[in-house]
Amino acid sequence: MTAIVLTIHLMIAAALVIVILLQRSEGGGLGIGGGGGMGSFMSARGAANLLTRTTAILAGCFFVTSILLAILAGNTGTKSIVDRPAPAETAPAKTEPAAPVSQ
C-alpha cells in the first residue's frame, strides 16, 4: 500500500513541477509564450486559468498523499523510546574496600 501511494506521490510531484514551470512569471520566465492570435486554441488568459487551476488541484493531491504517507509510516508498530517503560533500577554491586598495600 505504501509503495503505491509513494509512486502516486512522486508522479504528482513531477507533474506539479512541470505545471509550475509552464506558468508565465512576472518577467516572462519559462512561460508558455508564443503569439497565438484570435485563432489559437486557448487565449493567454484561458491558459493561465487552466494552469492555475491545475496547480491548485495537484497541490491538494500532493498534500493528501503526504498526509496519507505520514499516517502509513506511523502504523509500523514500533514505538518511540519515549513510549517505552523506564528500565528497572538495580542496586549497585557491593564492593569490598581495597586492602592496604604493604611496602
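In which helix is Ile4 found? In this predicted model, Ile4 belongs to helix 1, which spans residues 2–22. With a relative accessibility of 53%, Ile4 counts as exposed, because the threshold for that class is over 50% relative accessible area. Together with Ile8 and Met11, Ile4 makes a nonpolar surface patch of about 300 Å².

Besides this surface patch, the model contains buried nonpolar side chains that are joined into cores, and the largest nonpolar core comprises 5 residues, namely Ile12, Leu16, Val19, Leu51 and Leu58. Two or more residues of this core are given by each of helix 1 and helix 2, the latter covering residues 44–74. The greatest contribution to this core comes from helix 1, which supplies 3 residues.

The surroundings of Leu16, one of the core residues, were examined through its contacts beyond four places in sequence, and on this basis Leu16 touches Thr55, Leu58, Ala59 and Phe62. Among these partners, Leu58 is itself listed in the largest nonpolar core, whereas Thr55 is a residue of helix 2 that does not appear among the members of that core. Thr55 nevertheless counts as buried, because its relative accessibility is 16% and burial is assigned under 20% relative accessible area. When residues up to four places away in sequence are likewise left out, Thr55 touches Leu16, Val19, Ile20 and Gln23; of these contacts, Leu16 and Val19 are listed in the largest nonpolar core.

How values were computed
Residues numbered from 1 in each chain as written. Predicted model: local features only at pLDDT ≥ 70, side-chain atom pairs only at ≥ 80, totals over all residues. Heavy atoms only, no water. Patch = residues over 30% accessible without salt bridge, like charges linked within 9 Å, V, L, I, M, F, W, Y side chains within 5 Å. Areas by Shrake-Rupley, 256 points an atom, 1.4 Å probe, with all protein chains shown as cover. Salt bridge = Lys/Arg side-chain N within 4 Å of Asp/Glu carboxyl O. Helix = DSSP H or I, 4+ residues; strand = E, 2+ residues; numbered from the N terminus. Buried < 20%, exposed > 50% of the residue type's maximum accessible area, 1.4 Å probe, protein only. Core = buried A, V, L, I, M, F, W, Y, C linked by side-chain atoms within 4.5 Å. Contact = heavy atoms within 4.5 Å.
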